[in-house]
Amino acid sequence: MREALLEAQKAAAAGEVPVGAIVVSAEGDILSRAHNSPVGMSDPTAHAEILALREAARRTGNYRLTGCRLVVTIEPCPMCAGAAVAARVAKIIYGAADPKAGSVTTLYNIASDPRLNHRADIVSGVLADECSKLLSDFFRERR
């Protein structure tokens, strides 16, 4: 999570909502790291999770990231949770819950829905205070 927090800080420095993500292989190696970039990339899908999943898939040469873990500073939104399911990640680890868009445990349970073709294990609240503070500070400065 500390690596994902470093990515989130990069997003904040670029004026993006401070969200960071990494993908870790089954062996424990970091395959990719990314931060939110929808403003800079003019791309509404350029969330940290999507960018990290894309890079991990490119590096492995496979869209199936079986055995991998997605580590992200905030609970994934519906799009990102769906992408994690499509990538077949083994585990989603996140820091802060997202009461407005959280789709892993808060509003929806996309990654553990038995109706879908894959389910991921969920670990929530990892360094949640640090992840939340980064977001709160960012939005406080914006107001």
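**Salt bridges, helix H1 and the nonpolar core**

Arg2 forms a salt bridge with Glu130, in which the closest N and O atoms are 2.7 Å apart. Because Arg2 belongs to helix H1 and Glu130 to helix H5, this pair ties together parts that are 128 residues apart in sequence. The model is a predicted one, and the values reported here are to be read accordingly. Glu130 has a relative accessibility of 36% and therefore counts as partly exposed.

The pair is one of seven salt bridges found in a search of the whole structure. Side chains of opposite charge can pair when their charged atoms come close. Another case is that of Arg58 and Glu55, whose closest N and O atoms are 2.6 Å apart; both residues lie in helix H3 (residues 48-60), where a separation of three residues corresponds to about one turn of the helix. An α-helix has 3.6 residues a turn, so residues three or four places apart point the same way. With a relative accessible area of 57%, Arg58 is exposed, whereas Glu55, at 26% relative accessibility, counts as partly exposed. Asp113 and Arg115 also form a salt bridge, with 2.6 Å between the closest N and O atoms. Here Asp113 counts as buried at 16% relative accessibility, while Arg115, at 73%, counts as exposed. In addition, Lys133, Asp137 and Arg140 are joined into one network by salt bridges that share partners.

Helix H1, which contains Arg2, was examined for its geometry and its burial. At 1.5 Å a residue, the twelve residues of H1 (residues 2-13) should span 16 Å, and the distance of 17 Å between its end C-alpha atoms agrees with this expectation. The buried residues of H1 are Ala4, Leu5, Glu7, Ala8 and Ala11. Because these residues cover an arc of only 160° around the axis, they are placed on the same side of H1. The cover over the buried residues of H1 includes strand E1 (20-24), strand E2 (30-35), strand E3 (69-74) and helix H5 (128-142). Just after H1, Gly15 takes a positive phi of about 85°.

The largest nonpolar core comprises 39 residues, of which Val23, Leu53, Leu65, Val71, Val89 and Ile92 touch the most other members. Two or more residues are given to this core by each of H1, E1, E2, H3, E3, helix H4 (78-87), E4 and H5, and the largest share, five residues, comes from H3. In soluble globular proteins, nonpolar side chains tend to be buried together. When residues up to four places away in sequence are not counted, Leu65 touches Leu53, Ala56, Ala57, Thr60, Ala87, Arg88, Val89 and Ala90.

Val89 also figures in the surroundings of His118, a residue placed in the loop between strand E4 (91-96) and strand E5 (121-123). A polar atom of the His118 side chain lies 2.7 Å from the backbone oxygen of Val89. With residues up to four places away in sequence again left out, the residues that His118 touches are Val85, Arg88, Val89 and Ala111. His118 has a relative accessibility of 17% and so counts as buried, the limit for that class being under 20%.

Notes. Residues numbered from 1 in each chain as written. Predicted model: local features only at pLDDT ≥ 70, side-chain atom pairs only at ≥ 80, totals over all residues. Heavy atoms only, no water. Helix = DSSP H or I, 4+ residues; strand = E, 2+ residues; numbered from the N terminus. Expected span 1.5 Å × (residues − 1). Buried < 20%, exposed > 50% of the residue type's maximum accessible area, 1.4 Å probe, protein only. Arc of directions from axis to C-beta. Contact = heavy atoms within 4.5 Å. Salt bridge = Lys/Arg side-chain N within 4 Å of Asp/Glu carboxyl O. Polar contact = N/O pair within 3.5 Å; in protein donor to acceptor, adjacent residues only side chain to side chain. Core = buried A, V, L, I, M, F, W, Y, C linked by side-chain atoms within 4.5 Å.
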